[in-house]
Amino acid sequence: MAMEFTDQAIIVTGAGYGIGREIALAFGRLGGNVVLAARSREKLEAVAAELKALQTRPLAIPLDVAREAEVAAMVKQAHGAYGKIDVLVNNSGIGGPTALARDVTGDQWRETIDINLSGAFYCAKYVSERMIAAKRGNIVNISSVAGRIGFPLRTPYAASKWGLIGLSHSLAAELGPHGIRVNAVVPGPIEGERIKRQMRDRAQAEGKSYEELMRGQVAGIPLGRMATEAEVANAVVYLASSASAGITGQALNVDGGVRMQ
């Protein structure tokens, strides 16, 4: 896949930090021009500087993916800058509340679904119009192992991530005749600040120690460790590359074996 994405236009939402940043840099190292889309301009500009150092032409566009009009404007701006959109990676997401379902407010539910699921739908909706015209393209949605296994205290998040897998399957069937592939990547526990924050919240909610929960988390992983953000990024790049040309409508786990199929 050396430099396979040279001069391709790739939109990555939630690209300001964590997995999104790693995905953007992975495409940049392979020559891709990445559209960085997220709410924090400061974080986007920092990633854009890293991409410019790779001799690519990034474009930072602050937006809230839960707002359809902002998504439509972002896609229009991205297409205007590069004349095409080759890849969309729907990575934007929030963890949502850590609470029993009966204690989750309507506002918390709507916020989680709006960002994690509706945002991905809006991006796919407007990007697919451009891809259909070009008769080619790739969409990769970032789900979660919570989209495979329900977890207590994580109802809005799990529902949104299950929805992303269903969205991926439906879009793959709908867009396949136009030469567009749609897949999902399903990360398990991933090393980094996000999992640490979630475990602290869960420890508080369950009255357990953070250390106890973290030990239990790793103990349930056959590889004996959490996957890394870079490993998730590698899976995304694979699904967007010609190496996976015969693959669509699939959800690829990157979880160290937590959920085997």
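Trainee: Leaving aside its neighbours within four places in sequence, which residues is W109 in contact with?
Mentor: Keep in mind that we're looking at a predicted model. W109 sits in helix α4. Skip the residues within four places of W109 in sequence, and the contacts left are V104, T155, P156 and A159.

Trainee: Is W109 buried, partly exposed or exposed?
Mentor: Buried would need a relative accessible area under 20%, and exposed one over 50%. W109 comes out at 37%. That value falls between the two cut-offs, so W109 counts as partly exposed.

Trainee: How far apart in space are W109 and Y210, C-alpha to C-alpha?
Mentor: Along the chain, 101 residues separate W109 and Y210. Go from C-alpha to C-alpha in space, and the separation is 25 Å.

Trainee: Which strands does helix α4 lie across?
Mentor: Helix α4 takes in residues 106–134 and runs at about 175° to β4. β4 (87–90) is one of the strands under discussion. The full list is β1, β4, β5 and β6.

Trainee: And which strands does helix α3 lie across?
Mentor: Helix α3 covers residues 68–82, and its angle to β3 is about 165°. The strands it lies across are β1, β2 and β3.

Trainee: Is A73 buried, partly exposed or exposed?
Mentor: A73 belongs to helix α3. Its relative accessible area is 43%. With exposed starting over 50% and buried lying under 20%, A73 is therefore partly exposed.

Trainee: How far apart in space are A73 and I11, C-alpha to C-alpha?
Mentor: In sequence, A73 and I11 are 62 residues apart. In space, the C-alpha to C-alpha figure is 13 Å.

Trainee: On to the sheet: which strands stand at the edges?
Mentor: The sheet is open, has 7 strands with parallel pairing, and follows the order β3-β2-β1-β4-β5-β6-β7. The strands we want each have a single partner, so one side of each has no neighbour in the sheet. Those edge strands are β3 and β7.

Trainee: What does the twist average from one strand to the next?
Mentor: For that open sheet of 7 strands, take the turn from one strand to the next. On average, the twist is 15°.

Trainee: Which residue in β7 does V185 stand opposite?
Mentor: β6 spans residues 180–187, and 4 bridges join it in parallel to β7. Across from V185, in β7, stands L252.

Trainee: Now the empty space: which element gives the most to the lining of the largest cavity?
Mentor: With 30 Å³ or more as the threshold, the count is 1 cavity. The volume of the largest cavity is about 40 Å³, and its lining includes I115, N116, G119, A120 and C123. The biggest contribution, 5 residues, comes from α4.

Trainee: How many residues of that lining are charged?
Mentor: Others in the lining are T13, V65, N90, N91 and S92. The lining divides into 6 polar and 4 nonpolar residues. As for charged residues, there are none.

Trainee: What is the phi of Q55 near?
Mentor: Q55 sits in the loop between α2 (41–52) and β3 (59–62). At 69% relative accessibility, Q55 is over the 50% cut-off, so it is exposed. Its phi is positive, although Q55 is a residue other than glycine, and lies near 65°.

Trainee: And about what is the positive phi of D7?
Mentor: D7 is found in the segment before β1 (9–13). D7 is not a glycine either, yet its phi is positive, at about 70°.

Key:
Residues are numbered from 1 along each chain as its sequence is written. This is a predicted model: local features need pLDDT of at least 70, side-chain atom pairs count only at pLDDT 80 or more; totals for chains, interfaces and linings use all residues. Side-chain values use heavy atoms; hydrogens and water are left out. Helices (H or I, at least four residues) and strands (E, at least two) are DSSP runs, numbered from the N terminus. Buried means under 20% relative accessible area, exposed over 50%, partly exposed in between (1.4 Å probe, protein chains only). Two strands pair if DSSP finds at least two bridges between them. Axes are lines fitted to C-alpha atoms, for helices over the stretch in contact, and angles run from 0 to 180 degrees between N-to-C directions. Contact means heavy atoms within 4.5 Å. On a 1 Å grid over the protein atoms alone, a cavity is a set of points where a 1.4 Å probe fits but cannot get out, and a pocket is an open set with protein on both sides within 12 Å along at least five of seven lines; lining residues have an atom within 4 Å of a point. Grid points are joined across faces, edges and corners, and a volume is the space filled by probe spheres set on the points. Ala, Val, Leu, Ile, Met, Phe, Trp, Tyr, Cys and Pro count as nonpolar, Asp, Glu, Lys and Arg as charged, and the others, Gly among them, as polar.
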